[in-house]
Amino acid sequence: MAQHLVGEIPDSATTVLVLSPTIDSDADVCVELSARARDVLVVAYAGANGTALRRAFDDHDADPPSIEELEIGADVDPNDLTRQGIAIAEAVSAGTEVCFDSLTALLQYADRERAFRFLHSLGERCAAASASIHYHLDPETADEQTVAAMSTLMDAVVDVEAGRLRVRPELQKD
């Protein structure tokens, strides 16, 4: 059902929140969100998630986009949001889709307010570079206030488990 929902997201939606327990359970959503991209940057906490995305692309696309990984914890200190933002901004260009996995992990290193400011800045940096970004968040581990706060920064929210899509009203098709 989530795959069908992603097809309803307008191209003008450049920031998307994917509510799902794991990237493995929503790799198809990543593939569909990244289908319009020339390049994909996977920002992965604790690694291993780029492998799931590559496997999903291999299963769905004979000619997948190039996939790069920025491993938080190995390439960048997970506590240094400034450096993370710089590293991501330096790695994106027009046509890049950033797959940020995961907000669940980010929230272990930053409180909600600090994470909110970081995501707001990151969304602006991606927009300035003509790149798109989607974030993964496990709704089982975040309280309703956190999910609601992060959702306000997004053009669209895909709830994989519930099979729901919310798009900002000004972006909806006529």
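**Exercise 1. The core**

Which residues of the largest nonpolar core touch the most other members? Work it out on this predicted model, then follow one of those residues outward.

*Solution.*
- Step 1: Start with the membership. The largest nonpolar core has 33 residues, and the ones that touch the most other members are L17, I88, F100, L103, L106 and Y135.
- Step 2: Look for the element that gives the most to this core. That is helix α6, residues 112–128, with five residues.
- Step 3: Pick L103 and skip its neighbours within four places in sequence. What's left in contact with L103 is L17, L119, Y135, H136, L137 and M150. L17 and Y135 turn up here, and both are also on the list from Step 1.
- Step 4: Put this in context. In soluble globular proteins, nonpolar side chains tend to be buried together.

**Exercise 2. The rings**

Find out how many aromatic pairs the structure holds, and classify the pair formed by F100 and Y135.

*Solution.*
- Step 1: Count the pairs: there are four.
- Step 2: Check the geometry of F100 and Y135. The ring centres are 5.6 Å apart and the planes sit at 55°. Stacked would need under 30 degrees and edge-to-face over 60, so at 55° this pair is tilted.
- Step 3: Place the partners. F100 is in strand β4 (residues 96–101) and Y135 in strand β5 (residues 132–137); at 35 residues apart, they link distant parts of the chain.
- Step 4: Check burial, with the cut-off at under 20% relative accessible area. F100 comes out at 0%, so it is buried. Y135 is at 1%, so it is buried as well.
- Step 5: Widen the view. Ring pairs join Y45, Y109 and F118 with F100 and Y135 into a cluster.

**Exercise 3. The overall layout**

Describe the fold from its secondary structure, then say how much of the protein is buried.

*Solution.*
- Step 1: Count the elements: seven helices and seven strands.
- Step 2: Read them along the sequence. The pattern is α-β-α-β-α-β-α-β-α-α-β-α-β-β.
- Step 3: Turn to burial. Of the 174 residues in the protein, 51% are buried.
- Step 4: Do the surface. About 8400 Å² is accessible, and carbon and sulfur atoms hold 45% of that.
- Step 5: Check contact range. Among contacts with a separation of 6 or more, 76% come from residues 24 or more positions apart.
- Step 6: Try one helix as a spot check. In α2 (residues 27–34), six of the eight residues are buried, so the helix is mostly covered. The buried ones are A27, V29, C30, V31, L33 and S34.

**Exercise 4. The sheet and its helices**

In what order do the seven strands line up in the sheet? Add the helices that lie across it.

*Solution.*
- Step 1: Write down the order, β3-β2-β4-β5-β1-β6-β7. The sheet is open and its pairing is mixed.
- Step 2: Mark the edges. These are β3 (66–72) and β7 (164–167), each pairing on one side only.
- Step 3: Get the twist. Ignoring direction, neighbouring strands are turned by 15° against each other on average.
- Step 4: Lay on α6. It crosses β1 (15–19), β4 and β5, and runs at about 150° to β5.
- Step 5: Lay on α7 (residues 144–151). This helix lies across β1, β5, β6 and β7, running at about 155° to β1.

**Exercise 5. The hairpin**

Characterise the β6–β7 hairpin, then decide whether D159 and L165 are buried or partly exposed.

*Solution.*
- Step 1: Get the pairing. Strand β6 (residues 156–159) and β7 run antiparallel, with four bridges.
- Step 2: Match up residues. A156 faces V167, and V157 is opposite R166.
- Step 3: Look at the turn. Four residues lie between the strands, and G163 there has a positive phi of about 70°.
- Step 4: Take D159 in β6. At 15% relative accessibility it counts as buried. Beyond its sequence neighbours within four places, D159 is in contact with L19 and R164.
- Step 5: Take L165 in β7. At 24% it counts as partly exposed. Neighbours within four places aside, its contacts are L5, E8, I9, A156, V157 and V158.
- Step 6: Finish with a long-range check. L165 and V6 are 159 residues apart along the chain, yet their C-alpha atoms are separated by 7.8 Å.

Key. Residues numbered from 1 in each chain as written. Predicted model: local features only at pLDDT ≥ 70, side-chain atom pairs only at ≥ 80, totals over all residues. Heavy atoms only, no water. Core = buried A, V, L, I, M, F, W, Y, C linked by side-chain atoms within 4.5 Å. Buried < 20%, exposed > 50% of the residue type's maximum accessible area, 1.4 Å probe, protein only. Helix = DSSP H or I, 4+ residues; strand = E, 2+ residues; numbered from the N terminus. Contact = heavy atoms within 4.5 Å. Phe/Tyr/Trp six-rings, centres within 6.5 Å; stacked < 30°, edge-to-face > 60°. Areas by Shrake-Rupley, 256 points an atom, 1.4 Å probe, with all protein chains shown as cover. Pairing = 2+ DSSP bridges. Axes fitted to C-alpha atoms, helices over the stretch in contact; angles between N-to-C directions.
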